[in-house]
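Biologist: Thanks for sitting down with me. Could you show me the model and take me through its aromatic pairs?

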Amino acid sequence: MATSTVMQTVLASPVASSLVKNRSRVSNLFSATYVPRLRGGASKRVQCKAELDDQKMSAEPSPAPKPKVSTKFADVLAFSGPAPERINGRLAMIGFVAAMAVELSKGPDLFSQISNGGGSWFVGTSILLSVASLIPLFKGVSVESKSDGVMTSDAEMWNGRFAMLGLVALALTEFVSGRTLL
């Protein structure tokens, strides 16, 4: 808006020849010479956008820097550390889905699945998932930095917790009833 007003005053007001000291230099640049004139003694204030941003930035406190993620073995695998519940939850999610899929396709209960070769699959999957989960944590990558949208770290934690409860409930139900759940 200010630019439009200035351009209108520039194009509408001719320059008095007494205001231009070196008329030949100005006439070489423009065919008709116009200088803006303020009406009624009003003044216009022009401020650079960078100055406005600097003023806003100085008024707002800067956010606190994020704490550095510890990559020490004891911190990563501590009871309240990022690894134990996350790894157990991932293993429970895979175990619950695998147990339900085998029950639907072949029919044996959870204990029969483990005793008929499922134990070695469980150990292999546990080692693979544990190593795959620990590598980014030891490199200093936090789980929260990689979560966005629907797939957040909180959603993964809750899914893992429900899978742990589901796996325990499945085993307990099959043990008490003596037959498969499905």
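Modeller: Gladly! This is a predicted model, and it holds two aromatic pairs.

Biologist: Why is the pair of F111 and F175 called edge-to-face?

Modeller: The ring planes of F111 and F175 stand at 75°, and planes over 60 degrees apart count as edge-to-face, so that is the name this pair gets. The ring centres are 6.3 Å apart, which is within the 6.5 Å needed for a pair.

Biologist: What makes this a link between distant parts of the chain?

Modeller: F111 sits in helix 6 and F175 in helix 7 (residues 153-177), with their positions 64 residues apart.

Biologist: How do you know whether F111 and F175 are buried or exposed?

Modeller: F111 has a relative accessible area of 39%; this falls between the 20% and 50% cut-offs, so F111 is partly exposed. F175 reaches 62%, and because exposed means over 50%, F175 counts as exposed.

Biologist: And why is the pair of W158 and F162 called tilted?

Modeller: Their planes are at 35°. Stacked needs under 30 degrees and edge-to-face over 60, so this pair is tilted. The centres of the two rings lie 5.9 Å apart.

Biologist: What separates W158 and F162 along the helix?

Modeller: About one helical turn, because they are four residues apart in helix 7.

Biologist: Why do W158 and F162 get their accessibility labels?

Modeller: W158, at 47%, does not pass the 50% cut-off, so W158 counts as partly exposed. F162, at 53%, is over that cut-off and therefore exposed.

Conventions: Residues are numbered from 1 along each chain as its sequence is written. This is a predicted model: local features need pLDDT of at least 70, side-chain atom pairs count only at pLDDT 80 or more; totals for chains, interfaces and linings use all residues. Side-chain values use heavy atoms; hydrogens and water are left out. Rings of Phe, Tyr and Trp (its six-membered ring) pair if their centres lie within 6.5 Å; planes under 30 degrees apart count as stacked, over 60 as edge-to-face and the rest as tilted. Helices (H or I, at least four residues) and strands (E, at least two) are DSSP runs, numbered from the N terminus. Buried means under 20% relative accessible area, exposed over 50%, partly exposed in between (1.4 Å probe, protein chains only).
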